[in-house]
Amino acid sequence: MGALMTLIMFFCLPCSILLLLVLNLLSFLNQVWLRPIMIQSSMASQGIKGPPYKFLHGNTRAINHMRSEAVGTPMELLSHDMLPRLMPHVYSWTKIYGMNFLNWYGTKPQLVVTDPELVKEGEKWVKMRKLANQAFHGDSLKAMIPAMVASVEAMLHRWRDAKEIDAYREFKVLTSEVISRTAFGSSYVEGKNVFDMLMKLGLIVNRNNFKVSSIPWLKKLWRTSDDIESDKLQQAIREAIINLIRKREGRDSDYYGSDFLGSLLNAFHDSDLSRKVTIDDVIDECKSFYVGGHETITSSLTWTMTMVVNESLRLYPPAFNLTREGEDCHLFKPERFAVADGVAKAFLPFGFGPRTCVGSSFAAAEIKIALSMILQRYKLSLSPSYVHAPFHMLTICPKHGLQILLHPL
């Protein structure tokens with residue numbers, strides 16, 4: 001009897017291993033082929049088309065090829081046609097498949113939507129939006145003006161003996177200090193560590209944005225140096241923000257302030273569950289506003305150095321995802337804003353509707369203060385060394401900086 005059982009196990013074990021391999025193979029083929037084809041077919045039946053799915057890589061190889069070609073050379077100095085350069089795949093595929101289309105990041109589908117009616121806000125988003133509104137509007141915004149002025153004065157003091165500056169680099173320091181002071185009650189020095197880590201994390205994300213593992217489950221078994229570094233940065237950012245939180249919570253008061261961090265902490269400690277937020281909510285919102293209040297305004301100020309504010313924001317919105325229409329849409333014409341002829345409907349540097357950037361008033365105030373104080377002291381001109389090469393990372397930034405000549409008035 002024992003010999004019989006041994007013989008049965010001898011034959012069953014290879015069969016079990018073979019069955020396991022077959023099941024894993026079927027699961028793999030379902031993930032990388034059958035499921036994407038079914039999704040693509042289902043979306044097409046609803047009128048949503050797009051570039052065909054390619055085995056394992058989806059559309060990432062095509063996207064990388066188009067991006068490499070688009071940013072391979074600098075743009076003409078006076079050219080402002082951004083979409084073909086920064087998002088050539090969107091530029092190409094909207095022409096072929098329409099304004100709403102499906103594309104693929106590896107085996108993951110991405111629906112590109114331009115119809116705002118298809119985007120809805122959830123309860124959590126509404127709760128967090130209310131908190132941000134309190135911190136960046138009305139009297140709260142007015143209270144931030146002195147800090148903005150002081151930060152610009154410090155920047156101008158650094159320029160007193162300069163003949164040429166890299167405006168992009170200078171504005172990164174300025175906007176970092178302003179958002180640190182006004183939203184988090186800290187100095188640039190205290191926030192610098194967070195900003196540096198966020199920028200490193202942004203570079204890693206940008207570097208790997210369109211990379212896809214040849215075998216989807218391989219990343220679970222083998223982690224790249226970027227994966228490891230990304231995890232370390234995310235943990236370090238979390239710890240740095242928690243330190244800011246603990247510092248604020250150390251005050252001898254149950255009220256944590258009216259700035260953005262204070263509003264979040266007041267909600268975190270609220271006993272009313274309908275208003276209460278989690279510590280992860282607080283940390284995520286802080287990360288979002290460190291980036292939003294820093295990179296987006298840096299981008300806007302950089303491109304506005306030699307342009308009128310509105311026209312600059314129309315041509316170089318901080319977050320680039322819009323197409324432009326009209327014969328002169330890529331021309332620099334500030335006079336288009338002199339007459340209320342409907343241009344405002346197409347002027348969307350901070351988005352529109354319920355999802356309009358909550359910090360738009362904050363950003364506009366900082367930009368106007370900085371420009372007015374700079375232009376009272378200097379006449380500006382582009383340096384001959386400037387190369388016009390807009391680059392899309394977290395926002396639109398000049399790939400080689402923005403060299404500006406300063407002419408004291």
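Contact here means heavy atoms within 4.5 Å. The exercises below concern a predicted model.

**Exercise 1.** Determine which residues Thr94 is in contact with, leaving aside its neighbours within four places in sequence, and whether Thr94 is buried or exposed.

*Solution.*
1. Thr94 lies in helix H4 (residues 88-97).
2. With neighbours within four places in sequence left aside, Thr94 is in contact with Met99 and Phe101.
3. The relative accessible area of Thr94 is 12%. The limit for a buried residue is under 20%, so Thr94 is buried.

**Exercise 2.** Establish how the buried residues of helix H2 (residues 60-70) are arranged about the helix axis.

*Solution.*
1. The buried residues of H2 are Thr60, Ile63, Met66, Arg67 and Ala70.
2. Viewed down the axis of H2, these buried residues fall within an arc of 130 degrees, and they therefore line one face of the helix.
3. A general property of the α-helix is relevant: with 3.6 residues a turn, residues three or four places apart point the same way.
4. On the face of H2 turned away from the buried side are the exposed residues Arg61, Ser68 and Glu69.

**Exercise 3.** Classify the orientation of helix H11 (residues 260-268) relative to helix H12 (residues 279-292), and then relative to helix H5 (residues 123-135).

*Solution.*
1. H11 and H12 pack at an angle of about 165 degrees, and their axes are 10 Å apart.
2. Angles over 145 degrees count as roughly antiparallel, so H11 is roughly antiparallel to H12.
3. The crossing of these two helices, H11 and H12, is right-handed. H11 contributes Phe260, Leu261, Leu264, Leu265 and Phe268 to the contact, and H12 contributes Ile279, Val282, Glu285, Cys286 and Phe289.
4. For H5 and H11, the angle is about 140 degrees and the axes are 8 Å apart. H5 and H11 are therefore oblique to each other.
5. H5 also passes H11 in a right-handed crossing. The contact involves Met128, Leu131, Ala132, Gln134 and Ala135 of H5, together with Phe260, Ser263, Leu264 and Ala267 of H11.

**Exercise 4.** Identify which residues touch the most other members of the largest nonpolar core, and which helix supplies the largest share of this core.

*Solution.*
1. The largest nonpolar core has 71 residues, of which Phe184, Phe260 and Phe362 touch the most other members.
2. Helix H15 (residues 360-375) provides the largest share of this core, 9 residues.
3. Another core, of 8 residues, lies apart from this one and includes Phe28, Val32, Leu56 and Leu102.
4. Leaving aside neighbours within four places in sequence, Phe362 is in contact with Phe136, Leu141, Met144, Met148, Val178, Ile179, Thr182 and Ile297.

How values were computed:
Residues numbered from 1 in each chain as written. Predicted model: local features only at pLDDT ≥ 70, side-chain atom pairs only at ≥ 80, totals over all residues. Heavy atoms only, no water. Core = buried A, V, L, I, M, F, W, Y, C linked by side-chain atoms within 4.5 Å. Buried < 20%, exposed > 50% of the residue type's maximum accessible area, 1.4 Å probe, protein only. Helix = DSSP H or I, 4+ residues; strand = E, 2+ residues; numbered from the N terminus. Arc of directions from axis to C-beta. Axes fitted to C-alpha atoms, helices over the stretch in contact; angles between N-to-C directions. Parallel < 35°, antiparallel > 145°, perpendicular 65-115°, else oblique. Left-handed = near helix turned anticlockwise from the far one by under 90°.
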